[in-house]
Amino acid sequence: MFKNFLKIALRNLFKHKVYSFINIAGLAIGLACFILISLFIGYELSYDRWNPNSDRIARVFTDIKFGGNELKMAVSGVPVGPDVAQEMPEVLTYCRFRDYGSSLVKRDGDLQQNFEEQKILTVDSTFFELFPLEVVMGDPQSCLVEPNAVAISVSKAEKYFGSPQVALGESLIMDNRRRYKITAVYKDMPTNTHFIADFLVSMNGNREVQQGSPLWAMSNNFQTYLLLRKNTDYDAFEAKFADFSENKVAQTAMQLMNLSVEEFEATGQHARFGLQRLPDIHLHSDLSEELAPNGSIQYIWIFGAIAILVLLIACINFMNLTTARSSHRAKEIGVRKVLGSLRSSLISQFLSETVLMTFIAVIFALLISILAIPWFSDLTARQMSIPWGNPVFWLSILLGIGVVGVLAGSYPAFFLSAFDLLRVLKGQITKKASGGGLRSGLVVFQFVTSIFLIASTILVYRQLSFIQNKKLGFQKEQVIIVDNTYVLGQQARVYKEEMLQDPGVISATISSFLPVPSSGSNTTFTTTKELRQDNSINMEYWRVDHDYAQTLGLEMADGRFFDERFPTDSSAIILNEAAANILGFNQANEQKLYLPQNFSGQPSPDEWEEYNVIGITKDFHWASLRDNIGPLCMILGNSNGLISFKMDAQESKSVIANLETKWKAMVPNQPFSYRFMDDSFASMYESEQRIGSIATAFAILAILISSLGLFGLASFTAEQRTKEIGIRKVLGANAGNIVGLLSRDFLKLVGISLIIAIPISWWAMNQWLQDFAYRINVGWWAFAAAGLGAVLIAILSVSYQSIKAAMANPVKSLRSE
């Protein structure tokens, strides 16, 4: 029986080549999309799951609202880990991370050029207890105990020493001044980890730890991870931790401001601590101070929905084309029934055909996936591969063949096998009996999906364009940033001054603090020499030079910027409008602000730095447009990690060449690295740009699949109405009338789809835009463009068959009448 089913299925497959191609191509593209998106979702969900301790590790996060500013951070203070481990028996141990930042690294004794390294962490000696990476050389228990010890990855051991065996016991020089002994070499971290580190520096002897405040909610610079004991009830521990942290905050509030927690929070301010499970960090954390950009569970749901919708569109194509062909197979069904075929046999026959076509489509889908994986990996910035050796993958493929085959073939199988025998043999198959109503509903669903994807893609790119072109309050164009200029030491100012002699350089500034990804710092100022909740402001705290405003094009709302002609500017401070509004400063008329130097208790009168407010800058977007502009201040200070040059656009090549020449003359063994400020600004929105590109790619594929289905439906519609078209032409209808006749029904369906898709798209995109404090208005024209696009797609899909039918000789179609 099965052999017979297979033989008939293959015969039908080759007999109707166009129909078979459309169905297999549509299914293959839909399945390939589903496979690729499933690989992406699986990869995102796998973050940190490689760690056998993942379900026992929690990270502490901080939520502080104080002085007009609210910070939700992935970092906490020095004492948090030790205090929790000491006082809460559920905690086995802890590990703190401190982002080391970028560093110039070279082998000790090597006179050749340094290499810039980014993935460096300072960690506690317990690191390998929480994150059990395979250590190929050295002892994971003791390798980070001693000061000035460092563990490095295998790839870096090979880069600097040729092999891990040679690297062990050798030394590295970081930033041309710190020597670290290599005490261990570990296998490179899996890429599906929420942080990647190639260098782990011992925290033992770290000055920041030694001098850190013993109070919670102060100097929050450390990622703190807790390893819970086995069989610990996480929910109960989380509740206990909340009470414990509240008591610690109470001690801080009382010691600094002589307030209880209740009194402190009654002012509208708070300091709270919470926990995040390790596997939840990548997709569920939207905190600042992360070690690397995270994903988003929102996008997982979005792409999961896209994968299902694209696959459904492919299945709908199959159902539509199969039911449309019902009139062609009606007599075959009737003859089979006359010869004694049972309905169950007919159902099995049709299902076997769909499963066979699905099997062929899966083979092509896998081939498409193999070819598309490199492109898709680049697009998603993820290192993905098809897990050929995973039995779950093959089980999913087999299950998919069965499910998709049955899903796509179930309605046609039950529908066709239910035809009335006598009516079939008489050729009395009505439009209703041939499934026209259901096909129309399924076409509407396809175009609702297509319009939704088109409109969503347009609005995503509109928001990205808005971000790129919005007036930011500073000038990011034609500004080049030279990295790692701290290696110039005392020559940094000389380098700047020499470059100012270049006719292509307009101005320059030395500062590590820029309104693009760079250094960041915040602290608390007061309006009197007393730390209280009603006289304090917590704000971003930048050290800049005299030429900062000129180079970045900052505008003053009041007062002036720093000026070398005023020696007293060494104790001056400049606020942005957001900070001035919080403080109630309408003008920069020598108001004073105070910076406490001691946060272990109420500072004494001699533990304050005094600053005079000399200027207020107009607000500029110093952080992401996802957030409102927060309070910021600037003082004159030494921060020589970066030098930024404003240059003439026509002279950019010569300026860059001159920058490199002078760099090599001053520090010949240091790597020269630069970037453009507008590129750095754009990098803050890489996630959205990537999402837009992925959505565009799959929107195009969904539209392609829908178009294939519509093309197939148009061909069968034209074939069904051959005699009607012939009669109309004999009665005087021209080609335009015929094309309009055949296109009208499809355009009605597109119109219905537009009515349904617009409110869905409007709601979904408004939800997405809520993530941005500064966003576009969802205008009507995006939906008009999506609707026009859908109409054009429908017209292009059916026009060929319509024109072909309109141009046919009516004599041929009416010959048998």
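User: Happy to dig in! What makes D108 and R179 a salt bridge?

Analyst: In this predicted model, the closest N and O atoms of D108 and R179 are 2.9 Å apart. The cut-off is 4 Å between a side-chain nitrogen of Lys or Arg and a carboxyl oxygen of Asp or Glu, so the pair counts as a salt bridge. D108 sits in the loop between β4 (103–107) and β5 (115–117), R179 sits in strand β10 (residues 178–186), and the two are 71 residues apart.

User: Why is D108 called partly exposed, and why is R179?

Analyst: Partly exposed covers the range between buried, under 20%, and exposed, over 50%. D108 has a relative accessible area of 31%, so D108 is partly exposed. R179 has 47% relative accessibility, so R179 is partly exposed as well.

User: Good. What about R493 and E564: how do you know that they tie together distant parts of the sequence?

Analyst: Their side chains meet in a salt bridge, with 2.9 Å from N to O. R493 lies in helix α17 (residues 492–499) and E564 in the loop between β18 (556–559) and β19 (572–576), so the bridge joins parts that are 71 residues apart in sequence. As for accessibility, E564 has 54%, over the 50% cut-off, so E564 is exposed. R493, at 43%, is partly exposed.

User: Helix α17 also holds K496. Why is K496 called buried?

Analyst: Its relative accessibility is 1%, and buried means under 20%, so K496 is buried. K496 forms a salt bridge with D547, and the closest N and O atoms are 2.6 Å apart. D547 lies in the loop between β17 (536–544) and α18 (548–552). With 22%, D547 is partly exposed.

User: Let's turn to helix α5. How do you know that its buried residues line one face?

Analyst: The buried residues of α5 (residues 154–161) are V154, K156, A157, Y160 and F161. Seen down the helix axis, they fall within an arc of 160 degrees, so they line one face of α5. The helix is followed by G162, whose phi is positive, near 95 degrees.

User: Last one: what makes D243 eligible for the negative surface patch?

Analyst: A patch residue needs over 30% relative accessible area and no salt bridge. D243 has 49% relative accessibility, so D243 passes the area cut-off. D243 is found in helix α8, and the patch is formed by D243, E246, E262 and E263. Helices α8 (234–257) and α9 (261–266) each supply at least two residues of the patch.

How values were computed: Residues numbered from 1 in each chain as written. Predicted model: local features only at pLDDT ≥ 70, side-chain atom pairs only at ≥ 80, totals over all residues. Heavy atoms only, no water. Patch = residues over 30% accessible without salt bridge, like charges linked within 9 Å, V, L, I, M, F, W, Y side chains within 5 Å. Areas by Shrake-Rupley, 256 points an atom, 1.4 Å probe, with all protein chains shown as cover. Lys, Arg positive; Asp, Glu negative; His and termini not counted. Charge placed at Lys NZ, Arg CZ, Asp CG, Glu CD. Helix = DSSP H or I, 4+ residues; strand = E, 2+ residues; numbered from the N terminus. Buried < 20%, exposed > 50% of the residue type's maximum accessible area, 1.4 Å probe, protein only. Arc of directions from axis to C-beta.
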